[in-house]
Structures are given as structure tokens and as C-alpha cells.
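Hi,

Here is the structure I promised to send over. Have a look at it first, and then read on for what turned up.

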Amino acid sequence: KLVQLRSSNRVGWALVPDLLHPDLHGPIVEGDLELTEPLPLRTVKLRQWGAFDVDVEQGYKYLSPSAGAGIDWHIHRRLTAGLAYNIEFFWLYWKDPDLFASLTPYTLPEIDNDGIYWLSYLEQHLTWDARNDILTPTRGAFARVSVAEAGSGLGGGFDYVKFSGEARAYIDPVPEQLVLAFRIQFGRIWLQGDTLAAPLSHKFK
């Protein structure tokens with residue numbers, strides 16, 4: 001039985017050229033740690049993970065630690081189904097005052113909470129992976145559909161259902177020299193209860 005521990009980290013500095021807002025720069029930190037353990041059923045694995053992100057976007061800067069746990073069932077060599085629970089903290093620690101002055105809770109509900117919120121949600125996914133390499137693919141395809149259910153009953157501050165899907169394709173017309181990559185993403189969010197808008201970190205970009 002193989003227990004896998006995977007970690008990836010990135011540290012940098014972002015500078016967004018903007019003469020009107022010289023403060024639009026700051027650190028970038030991306031770190032995640034994932035532990036995968038086999039269960040008694042050979043095709044089922046338990047995953048546990050944690051992540052920490054700090055980034056700069058046009059108009060704001062944010063900090064977001066998160067964690068989760070889930071079970072993946074390998075139906076076929078290339079097909080996997082999974083169920084997971086995620087919890088995420090999000091803080092807009094700097095906001096462009098001119099941009100945010102024109103927004104309302106109907107477009108950005110976070111502004112009522114000083115840019116701070118918690119997310120707690122369940123997620124189910126179905127993934128088909130036919131890439132020749134997971135980390136640096138040069139040929140093959142990848143597809144994934146997922147459904148996430150967030151709710152105050154799970155301890156978060158938003159109620160919604162999010163459906164999303166993506167597909168990727170990789171072609172190497174000149175082997176070991178040129179790789180063409182294609183990606184398409186689609187989805188929809190259904191708001192529930194008193195939620196006015198989806199949280200910033202889960203909007204489609």
C-alpha cells in the first residue's frame with residue numbers, strides 16, 4: 001500500500017502597472033500539501049489537504065488558507081469519482097477605494113463584512129484523465145465535471161450550488177519542442193436563501 005505526500009510551493013512579488021493606484025503590488029504565496037492514503041478497498045483512496053494563498057488582483061489583494069478531506073474512487077484507469085468536504089477562509093486585506101465605492105452587496109457581498117468570509121461546502125466530481133503526464137503533459141486530454149453545495153448549515157457564510165466543468169487537450173506537433181494546449185471552462189451558480197451573490201473566490205473568471 002502506497003501513501004503519497006505531495007507538496008508544491010511558489011513565492012513571488014506581483015506588480016500591476018497602474019499610475020492611478022501605485023499601491024497595487026504585493027507578495028504572492030501559493031502553498032499546498034496533500035496526503036493520499038489507500039483504504040481497504042483497493043480502488044478507493046482517502047485524500048487530505050491544506051493550502052495557503054496570498055495574491056494580487058486588479059483592484060484588490062487577498063489572503064486565503066483552506067483545508068479539506070475527501071474520498072476518490074478509481075472506477076477505471078482513467079476515470080475517477082470523488083466526494084469531498086472543504087473549508088476556506090478569505091480576506092480582502094486591501095481594496096481599491098474607487099472601485100469598491102461603486103459596488104453593492106448585490107455584486108460583492110463581502111464588502112459588508114470588511115472583506116472577510118468563511119466558506120464551507122461539499123463537492124462531488126467525475127474526472128477523466130488521459131494525459132501522458134500529470135505534471136507536464138504533452139499529449140492527451142483531461143475532462144472534469146463537479147457540483148459544490150455551500151451552505152450556512154455547514155458553517156459557511158453563503159448558500160449556493162455551483163456546477164462547473166472543464167476540458168483540456170494537449171498536442172505536440174513538434175515532439176519535445178512545441179506543445180499546443182487548449183482549455184474550455186463552463187458552469188453556473190444557483191443562489192439559495194438570503195445569499196445575494198456568489199463569493200469572490202468562487203465566481204467564474
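Keep in mind that this is a predicted model. Let me start with a pair on neighbouring strands: R144 stands opposite E166, which belongs to β8. That strand covers residues 160–174, and β7 and β8 pair in the antiparallel sense over 11 bridges. β7 also pairs with β6, again antiparallel, over nine bridges. One of the residue pairs there is L126 with its bridge partner V145 in β7.

Those two residues turn up again on the outside. Together with W73, I75, I184 and F186, L126 and V145 make a nonpolar surface patch of about 530 Å². I75 is found in the loop between β4 and β5. Is I75 buried or exposed? Neither, quite: its relative accessibility is 40%, so it counts as partly exposed.

Now for the inside. The largest nonpolar core has 14 residues, and Y60, F90, L92, Y117, L119 and L200 have the most contacts within it. Two or more residues each come from β4 (60–74), β5 (79–95), β6 (116–129) and β7 (140–150). β6 gives the largest share, with three residues.

If you want one residue to click on, try Y60. Leaving aside neighbours within four places in sequence, Y60 is in contact with L24, L92, W94, K95, F100 and L200. There is also a second, separate core of six residues, with V16, I28, V56 and W94 among them.

Cheers

Definitions and conventions:
Residues are numbered from 1 along each chain as its sequence is written. This is a predicted model: local features need pLDDT of at least 70, side-chain atom pairs count only at pLDDT 80 or more; totals for chains, interfaces and linings use all residues. Side-chain values use heavy atoms; hydrogens and water are left out. A nonpolar core is a set of buried Ala, Val, Leu, Ile, Met, Phe, Trp, Tyr and Cys residues joined through side-chain atoms within 4.5 Å. Buried means under 20% relative accessible area, exposed over 50%, partly exposed in between (1.4 Å probe, protein chains only). Helices (H or I, at least four residues) and strands (E, at least two) are DSSP runs, numbered from the N terminus. Contact means heavy atoms within 4.5 Å. Patches are made of residues with over 30% relative accessible area and no salt bridge: like charges are joined within 9 Å, nonpolar side chains (Val, Leu, Ile, Met, Phe, Trp, Tyr) within 5 Å. Accessible areas come from the Shrake-Rupley method with a 1.4 Å probe; for residues, only the protein chains shown count as cover. A salt bridge is a side-chain nitrogen of Lys or Arg within 4 Å of a carboxyl oxygen of Asp or Glu. Two strands pair if DSSP finds at least two bridges between them.
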